[in-house]
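Me: I would like to learn how to read pockets, annotated segments and single residues in a model. Can we go through one example?

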Amino acid sequence: MGSNGNESSATYFILIGLPGLEEAQFWLAFPLCSLYLIAVLGNLTIIYIVRTEHSLHEPMYIFLCMLSGLDILISTSSMPKMMAIFWFNSTTIQFDACLLQMFAIHSLSGMESTVLLAMAFDRYVAICHPLRHATVLTLPRVTKIGLAAVVRGAALMAPLPVFIKQLPFCRSNILSHSYCLHQDVMKLACADIRVNVIYGLIVIISAIGLDSLLISLSYLLILKTVLSLTREAQTKAFSTCVSHVCAVFIFYVPFIGLSMVHRFGKRHDSLLPIVMANTYLLVPPVLNPIVYGVKTKEIRQRILRLFHVTTHASDP
């Protein structure tokens with residue numbers, strides 16, 4: 001910390017690994033690195049398949065490409081530094097680099113939430129208004145939705161580094177995670193952080209809260225429509241939604257769990273919150289390609305074809 005009268009300005013922070021498991025974390029880094037590589041390769045495979053298969057150039061799969069791209073960026077924003085901590089004990093991070101990582105993690109998470117909402121809207125139109133689907137979700141409109149997700153995520157999170165930059169730091173510069181989070185950094189300030197807290201709540205409510213509410217509403221409307229269909233049509237409709245529902249739970253459950261830990265958990269009395277934080281940004285990128293590869297017939301068939309695995313004609 002650099003002194004400045006009675007206050008200090010942070011020049012760098014210390015990122016911790018796994019307290020109490022310093023000797024084991026070197027070996028624990030190997031499975032984490034393997035999961036990271038699986039996440040990157042899995043999502044790149046999804047993007048490659050959708051891009052090269054013209055029959056998949058539909059809104060549902062274009063949104064899936066956006067989701068895969070965001071998953072790669074989210075995991076890459078934290079995992080390399082985490083590996084450096086575990087393998088090389090590189091625990092320091094410069095103040096500006098910390099703010100950049102914090103902005104990247106939060107803004108990309110906001111973008112992913114928006115894309116999940118767009119995917120829910122796509123399923124709503126496809127099932128509840130199938131005759132209008134092609135006219136409502138045209139390729140230019142899907143592109144604009146993707147750009148809107150980027151602008152929205154970046155705009156909502158842009159003030160966070162600015163607010164942190166204005167804070168004086170005179171306490172410990174040790175962060176409780178292996179990457180920089182807004183909730184973690186602002187707690188080290190020795191000034192009033194009510195602006196940060198209030199704006200953080202506004203962002204959560206207006207982004208994550210609103211998105212999850214609208215996703216729930218879309219599926220209530222979908223359920224109402226599906227229940228009026230024949231049994232065969234119900235099965236087909238539900239099968240097109242399963243992958244997205246899984247992706248929604250995969251994203252929101254760890255996010256809500258980590259938020260609850262930050263608000264109500266104790267900082268040093270358990271290793272669980274730290275483990276949750278270290279795996280939070282890795283769970284969706286690893287599981288999403290697996291879910292869509294297993295549950296989506298079109299993606300599954302093309303993955304098997306890509307790796308020269310023959311499929312039976314009766315493959316469901």
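Reply: Let us begin with empty space; note that this is a predicted model. The largest pocket holds about 640 Å³ of space. The elements giving two or more residues to the lining of this pocket are α2 (59–88), α3 (95–128), α9 (231–264), α11 (283–295) and α12 (297–306).

Me: How is such space found in general, and which residues lie nearest the centre of the largest pocket?

Reply: Rolling a probe the size of a water molecule over the atoms shows where empty space is left. In this model, 26 residues line the largest pocket, and those nearest its centre are Arg 123, Lys 236, Ser 239, Thr 240 and Glu 298.

Me: Which element gives the largest share of that lining, and how many of the lining residues are nonpolar, polar and charged?

Reply: Helix α9 gives the largest share, with 6 residues. By class, the lining of the largest pocket consists of 12 nonpolar, 6 polar and 8 charged residues.

Me: What is the volume of the second largest pocket, and which residues lie nearest its centre?

Reply: The second largest pocket has a volume of about 520 Å³. Its lining is made of 25 residues, with His 106, His 182, Gln 183, Gly 200 and Ile 204 nearest the centre. At least two lining residues come from each of α3, α7 (182–186), α8 (194–226) and α9. The largest share belongs to α8, which supplies 8 residues. The lining of the second largest pocket divides into 14 nonpolar, 9 polar and 2 charged residues.

Me: Now the annotation. Where does UniProt place the feature "transmembrane region"?

Reply: An annotation is read from the record, then set beside the coordinates. The unreviewed UniProt entry places this feature at residues 26–49, 61–79, 99–121, 142–164, 197–222, 242–265 and 271–294. Take two of these segments in the model. Residues 197–222 are 100% helix and 0% strand, with the end C-alpha atoms 36 Å apart. For residues 271–294 the figures are 88% helix and 0% strand, and the end C-alpha atoms are 33 Å apart.

Me: On to single residues. Why does Tyr 252 count as buried, and which residues is it in contact with beyond its neighbours within four places in sequence?

Reply: Tyr 252 counts as buried because its relative accessibility is 6%, where the cut-off for buried is under 20%. Tyr 252 is part of helix α9. Leaving aside neighbours within four places in sequence, Tyr 252 is in contact with Ser 113, Leu 116, Ile 208, Asp 211, Ser 212 and Ile 215. For Ile 208, the C-alpha atom is 8.4 Å from that of Tyr 252, with the two positions 44 residues apart in sequence numbering.

Me: Is Gln 234 buried or exposed, and what lies by the polar atoms of its side chain?

Reply: Gln 234, also in helix α9, counts as buried at 15% relative accessibility. A polar atom of the Gln 234 side chain lies 3.4 Å from the backbone oxygen of Leu 227. Not counting residues up to four places away in sequence, Gln 234 touches Val 226, Leu 227 and Leu 229.

Me: What is the relative accessible area of Ile 290, and where does Ile 290 lie?

Reply: Ile 290 lies in helix α11. With a relative accessible area of 44%, Ile 290 is partly exposed. The C-alpha atoms of Ile 290 and Ile 38 are separated by 9.8 Å, although the two residues are 252 residues apart along the chain.

Methods. Residues are numbered from 1 along each chain as its sequence is written. This is a predicted model: local features need pLDDT of at least 70, side-chain atom pairs count only at pLDDT 80 or more; totals for chains, interfaces and linings use all residues. Side-chain values use heavy atoms; hydrogens and water are left out. On a 1 Å grid over the protein atoms alone, a cavity is a set of points where a 1.4 Å probe fits but cannot get out, and a pocket is an open set with protein on both sides within 12 Å along at least five of seven lines; lining residues have an atom within 4 Å of a point. Grid points are joined across faces, edges and corners, and a volume is the space filled by probe spheres set on the points. Helices (H or I, at least four residues) and strands (E, at least two) are DSSP runs, numbered from the N terminus. Ala, Val, Leu, Ile, Met, Phe, Trp, Tyr, Cys and Pro count as nonpolar, Asp, Glu, Lys and Arg as charged, and the others, Gly among them, as polar. UniProt positions are given in the numbering used here, feature names are shortened, and annotations may be inferred rather than shown by experiment. Buried means under 20% relative accessible area, exposed over 50%, partly exposed in between (1.4 Å probe, protein chains only). A polar contact is a pair of N or O atoms within 3.5 Å; within protein, one must be able to donate a hydrogen and the other to accept it, and residues adjacent in sequence count only if both atoms are side-chain atoms. Contact means heavy atoms within 4.5 Å.
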